[in-house]
Amino acid sequence: MELFYYVVFGALAAVVAALELGGKSNKDRITTSQAFNSFKNNYILVYSLMMAGDWLQGPYVYYLYSTYGFGKGDIGQLFIAGFGSSMLFGTIVGSLADKQGRKRACVTYCITYILSCITKHSPQYKILMIGRVLGGIATSLLFSAFESWLVAEHFKRGFDSQWLSLTFSKAIFVGNGLVAIIAGLFGNFLVDSLNLGPVSPFDAAACFLAIGMAIILSSWSENYGDASESKDLLTQFKGAAVAIASDEKIALLGAIQSLFEGSMYTFVFLWTPALSPNDEDIPHGFIFATFMLASMLGSSFAARLMAQNSPKVESYMQVVFVVSSASLLLPILTTFLVSPSNVKGGGISFSGCIQLLGFCTFEGCCGLFWPSIMKMRSQYIPEEARSTIMNFFRIPLNIFVCIVLYNVNAFPITVMFGMCSIFLFVASILQRRLAAIADKPKAEDWVAMKERDTEADPLNAS
């Protein structure tokens, strides 16, 4: 493996270590209580187990399907089914968390994903399709129910609102960074070193999910959004839609999230062909670990930024989106500025090295994005419909990813990167608007909306 990979990985590891170990007193100058630290550590443990269950599967899904003899087209349909399921069924199941309870929704995530892992043992296409549908539902719950439970429980226990950012940033640092690296190495150990086959990471994932579920059942209390008996699911959807339409801040937040996450998921499909256009031999696992280190660096920076009153999240995220937009322009720029290599195989090219540095920058922006968007969601989304609104945000994201997957061979890779770069730049413009109106009062209070709807439709409320 080329020295270049080790240099990039080593440089990122050194900076992350220096920030985490050397600058800890600077980062953690927010004084917290023992009760909060216990609560935070419990959540991070559970979140890390949940993410381990997710990260273990990621690198082996495509590989497993290909070992069962399915071609690119069939595998593409399975992936589309997953995102389509997340959009349709996941939105409904995720929204039920507000009414039926967030703890119950988190347990449902564990059960659903474990069942999805079990289906991977079957080479039958229909069974694998069912697994993808279950996985899509689980993904919606992972990215809404856990955060909704955390925010509600944090305030229910009377903790300071500023402490929430500590939990967010540490959860992303550990769950989306450290755990991802360990999961990648552990999956590689199971498949390559122990020769247990490509289904073994899914079995390991199911075990981690079961352990996490046991901790949730034994140590978490239940909390709800709007648990009123009169509210059916349709009324809940209508209320969430009204909240988004009546409050520009919520609408902007949803658009920003969809634009960034849509670009991020597209990047996941594109980075491999971008770095190896001529079938260059690149160490996928090592590059993935490097990306996760860059993400950890981003979340470490986010922790420091959010611990201070200035700059505000709404301000620095404008810069993050512009930088991420520029980083995904590199594959286009190298196409024009660096003469392409026509040699098949071999090591990574010079343009590939430049792109890898750009991709690490983008992953660093991802590490900044997650805790920051969580902080903004906790500020702007009404508690009564938190899970419902968060799943609404994922609808345009899932539509976009399905379209990209369906047309992945229809456009050159540079066009796809250009589209992502444009989306990220638009996100920066919307973020600028959000920063401008951040301190304005809400257009209409959620409780006032509910009272107005009750007066307009008393039969439905009774």
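This report walks through some salt bridges, buried side chains and a helix pair in a predicted model.

Local features here need pLDDT of at least 70 and side-chain atom pairs count only at pLDDT 80 or more, while totals for chains, interfaces and linings use all residues. Residues are numbered from 1 along each chain as its sequence is written, and side-chain values use heavy atoms, with hydrogens and water left out.

**Salt bridges**

Let's begin with the charged pairs. Side chains of opposite charge can pair when their charged atoms come close. A salt bridge here is a side-chain nitrogen of Lys or Arg within 4 Å of a carboxyl oxygen of Asp or Glu, and by this rule the model has nine salt bridges. The table shows some of them, including two that involve Arg 102.

| Positive residue | Negative residue | Closest N to O distance |
|---|---|---|
| Arg 102 | Asp 98 | 2.8 Å |
| Arg 102 | Glu 383 | 2.7 Å |
| Arg 157 | Glu 153 | 3.1 Å |

For exposure, buried means under 20% relative accessible area, exposed over 50% and partly exposed in between, with a 1.4 Å probe and protein chains only. Arg 157 is partly exposed at 41% relative accessible area, whereas its partner Glu 153 counts as buried at 2%. Elsewhere, salt bridges that share partners join Asp 98, Arg 102, Glu 383 and Arg 386 into one network.

Within that network, Asp 98 and Arg 102 are both buried, Arg 102 with a relative accessible area of 0%. Glu 383 is partly exposed, at 24%. Helices in this report are DSSP runs of H or I with at least four residues, numbered from the N terminus. Arg 102 lies in helix H6 (residues 102–119) and Glu 383 in the loop between helix H16 (350–380) and helix H17 (386–406), so their salt bridge ties together parts that are 281 residues apart in sequence.

**A buried arginine without a salt bridge**

Arg 304 sits in helix H13 (residues 284–306). This arginine is buried yet has no salt bridge, and the nearest side chain of opposite charge, Glu 20, is 4.1 Å away. For such charges, Lys and Arg count as positive and Asp and Glu as negative, with His and the chain ends not counted. The side chain of Arg 304 does reach the backbone oxygen of Ser 300, at 3.0 Å.

**Two more buried side chains**

His 154 belongs to helix H8 (residues 145–156) and is buried, with a relative accessible area of 0%. A polar atom of its side chain lies 2.7 Å from the backbone oxygen of Asp 160.

Tyr 65, in helix H4 (residues 61–67), also counts as buried, at 0% relative accessibility. Tyr 65 and Pro 123 are 58 residues apart in sequence, and their C-alpha atoms are 8.0 Å apart in space.

**A helix pair and a loop residue**

Helix H5 (residues 72–100) and helix H7 (residues 125–142) pack at an angle of about 45 degrees, with their axes 6 Å apart. The two helices are therefore oblique to each other; angles under 35 degrees count as roughly parallel, over 145 as roughly antiparallel, 65 to 115 as roughly perpendicular and the rest as oblique.

Finally, have a look at Asn 195, in the loop between helix H9 (164–193) and helix H10 (200–219). Most residues other than glycine have a negative phi. Asn 195 has a positive phi of about 55 degrees although it is not a glycine, and Asn 195 is exposed, with a relative accessible area of 61%.

Terms used: A polar contact is a pair of N or O atoms within 3.5 Å; within protein, one must be able to donate a hydrogen and the other to accept it, and residues adjacent in sequence count only if both atoms are side-chain atoms. Axes are lines fitted to C-alpha atoms, for helices over the stretch in contact, and angles run from 0 to 180 degrees between N-to-C directions.
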